[in-house]
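Grab your viewer and work through these short exercises. Each one gives a task, followed by a solution in steps.

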Amino acid sequence: MIPDQTGGSPDSHPEGILEQEESQLWRWVLGFFILLAFALAALLWERLENIPFSLRAIPIGVLALSILFAVYAYGRRREVSELKGLLRGLQEHVGAAPSEEQLDQLSQVILRSQRNFKELIDSLDDPACATALDGTLRTVNRRVAELTGLPYTELVGHKIFDFFEEPARELLEGGLGRFLEKRRWAGVVRVQLKNNPRPLYFDCMLNAIVKGDEVVGASILGRDVTEQREKEMRFTELFETLQEGVYFSTPDGHLLDANPALVNMLGYTEKKDLLLVDPSALNFEPGPPALGRAVDDHGGLRTREIKLRRKDGAAAVFLDSSRAVWDTSGNIIRYQGTLVDITEKRKMERELAQQEEFRRRLLESFPDLILVVDLGERYTFVNSRARDLLGYQPEDLVGKKISDLEDHSPEMAALYHTVVSGKQAFASAEYGARHRDGNWRTMRASCSQLFDAEGKTSGVIMSVRDITLERKLEQQVVQSERLAAMGAMIGGVAHELNNPLTSILGVSELMQDKETSESGRKQLALLQQQARRAADIVQNLTYFARPPAPGKSRLNLIEVIDRTLNLHAYSLRKNNITVDFLREEGLPYALGDPHQLMQVFLNLIMNAEQAIREARDKGTLRIRTGKSDGSVWVSFHDDGPGIPKENLPSIFDPFYTTKRPGRGTGLGLSICKSVIKEHNGSIDATNAADGGAVFTVTLPVAG
C-alpha cells in the first residue's frame, strides 16, 4: 500500500478517494432514480387526460434524461476505472515519483470527468447545484444561472444566502441536524430571489455529499412547480372564498371536505364538526344519504334539488350539481360538487305565487271587466268577467288587437288612443258592445295609463262595466213617468166622456120609446149599443188608469180577460188577429188583484200579437181556461214562430229581449213573473207541438 505521507486516514489515499468517488457516483445514480420514481408517481397521480397539454412532454423529457444519465454514468465509470489503473501503476512503483506523463494523463482524466459532469447537469432543464454545509455554492448548472441572472463564475464560491431571500438562513440551519442524520430530504420549497419579487416553488430533492464517512455538502435537484402551485393556490383561494358551497364526498355521501360557505350554510362554526356528521343525519326527509349515489352510478354530471337539515334542525333547500372523480384505474374515488342555497329563493317564489293568486282572485272578484292593452293595441291581460260581459274566454282575447274583434267599438278605440297618447291621464266613455250570442249591451269604460318599472308608459288599463241594466232602468223610469202622465190624462178624458155618453144613452132610450117606425127603432138601438160599448171602454180605461187600492180579492178570471181584450180589441182587429176565447162554465173564483192581473194578461196578449205580426199578416190567438186541484189556469196560445230553444231558459230574466232596439225593454215578462209570484202562482212558457208559443198562468183558488 502507499504510505500515508500526509498523516491522514487510509481513506485519504488516492485509491480510497477513487473508491469514495465511485461510491458517490452510484449514490448519484440511486438518488436520480429515486427522483425519477417520485416524478413518475407525481405524473401518474391523476389520469393522463387531466394533465395540461403543456406538461405532457415531461415523460419524454424524463426518458431522455435517463438515457443521458446512463451515458454519463458509463463514462464516469470508465474514467474511474482508468484512474484505478493509474493508481495501481503508481502503487507498483512504491517510493518512486510518478512520471510527468502519468501525472498529465491523470490530470486530463480528472478535467474530462469534471467537464462531462458539468455538461450533464447543464443539460438538465431543472435547476441543480452542489453546496457546502455552510451554504457555499460549489457548482451550479445553467438553469440556476438563468434563474438568478448571474454567470457561473459569480455564483460558485458565494453563499447561497447572497442570492435568495427565502428560504431563510435560520430555517436552513434549523433543519441541518435532521438532514445530517437522514442524509436526504425531499419536499416543496418556496424560493424568493433577491432580484425577482415573484415567489417560486420547487419540488426539491437533497442528497448528502459524503467524504469518507463525513457529510461535507449536499447536492440539490429541483423541479419548478411554481405554475402548478399557483394554480393550487388560486383553486384554494377560490375554494375558500366562493359564496356557493363546495364539497368533496365519498360515494356513500360522507363529506371529505367543505368550503367555509357550505359550513355556514348548514349552520356549523367549524369545518371539522361538519365533516364528523353522519351522512344520513343531513337528510331532512327519510331516504338514502342526500349526497350519496347508487352503486351502479356512472359518475356523470347530476343536477337536482335537495333538502338538507341544518345544525339547528331547520330545513334548507339546495341546488346540487356534482360529478365523480376517477383514479388512474378508472375507479370512482370521490364526488365533487356545489350546493347553492335556494331556500330564500323558494320562499320568495311561494310568496310571489301567493301574491299572484291573491291578485288573480282579487281581479276575478271584481264585477267589472279588467283589460290591459299594450302600446301595440294588443290585449295582454283579460279577467274572467269577459265570459259574462262578452261571451269570450280570456284566452280568446289575449294577444289580439282591439280592431281584431268583430263589431269592435270605435268609441273604445278612440278612448284607448286618447289615454295612451297622453292627451288625458284618465278618461271614460260609453259604447255599445255586442255579446257573442248576438245581443247588444251598453258598456262604460274607464281608462288610465299603465307605467313600467322605469316610469315609462307601457300601455293602458281599462275597467269596463255593463250598464245595460242601468240604462234600461232609466228608460223604464221614463216610460213609467210617461205612462203615469198618460194614465192621468186618460182618467180625465174618461171622466169628461162619461157625461156626454150618459146623455146619449138617455136620449137614445127616450127616442126609442117614441119612435114608431121599424127602421128608426133599429137605428136608435144601434146608437144605444155603440154608446154603451163606448161607455164600457171608458169605464175600463178608468179602471186601468186609476186602479182601486191594491189588494187581493175574489175575482172571475173570465171577466178580467174580457176587460183586457176590450182594451186591446182595436189593435187586434187592425192587425187581423182573431181571438178564440173558449170560456169554461163553472170556473172557480181566483184570488188576486184584478188590476195587476190585467197588466199581466195585456202583456201576454201584446207579445202574442207582435210574434204573429213578425211571422205573417194574420193569425189566431187561442185563450183557454181551466181548473185543477186548488188552482185555476189560463193559457195564451199564438200561432207565431214560437220561442227558440236556446232562449227559453232566459225569457223571464230582466232586460232579456230578442226584439230590435227600441221595440222593447226586456222587462215585460220579468214583471209578469214577479206579479204572478206575488199571487202565489206560476207562469210557464213552452212551444206548442203544432207551432207557436204557449204561456200558462196558474193562480190559487179563492177560499
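**Exercise 1. Find where Pro167 lies and which residue it shares a cis peptide bond with.**

Pro167 sits in the loop between strand E3 (164–166) and helix H6 (169–182); helices (H or I, at least four residues) and strands (E, at least two) are DSSP runs numbered from the N terminus. Next, check omega: it is about 0° for the bond joining Glu166 and Pro167, a cis peptide bond.

A word on the ground rules: this is a predicted model, where local features need pLDDT of at least 70, side-chain atom pairs count only at pLDDT 80 or more, and totals for chains, interfaces and linings use all residues. Residues are numbered from 1 along each chain as its sequence is written, and side-chain values use heavy atoms, with hydrogens and water left out.

**Exercise 2. Work out the phi values of Glu377 and Asn680, and place both residues.**

Start with Glu377: its phi is near 65°, positive although the residue is not glycine. Glu377 belongs to the loop between E12 and strand E13 (379–382).

Now take Asn680, another non-glycine residue with positive phi, near 60°. Asn680 is in the loop between helix H19 (668–678) and strand E22 (682–687). Asn680 counts as exposed because its relative accessible area is 65%; the classes are buried under 20%, exposed over 50% and partly exposed in between (1.4 Å probe, protein chains only).

**Exercise 3. Count the aromatic pairs and describe the geometry.**

First, the rule: rings of Phe, Tyr and Trp (its six-membered ring) pair if their centres lie within 6.5 Å, with planes under 30 degrees apart called stacked, over 60 edge-to-face and the rest tilted. The count is 1 aromatic pair. Phe601 and Phe636 form it, tilted, at 5.7 Å centre to centre with 40° between the planes. The partners are 35 residues apart and link distant parts of the chain: Phe601 is in helix H18 (residues 594–615), Phe636 in strand E21 (residues 631–638). Finally, burial: Phe601 counts as buried because its relative accessibility is 0%, and Phe636 is buried too, at 2%.

**Exercise 4. Count the disulfides and check Cys204.**

Look for cysteine sulfur atoms within 2.5 Å of each other, the disulfide cut-off. The count is 0 disulfides. For Cys204, the nearest cysteine sulfur belongs to Cys129, 8.6 Å away, and Cys204 is in no disulfide. Cys204 is nonetheless buried, with a relative accessible area of 11%. Cys447 is buried as well, at 0%.
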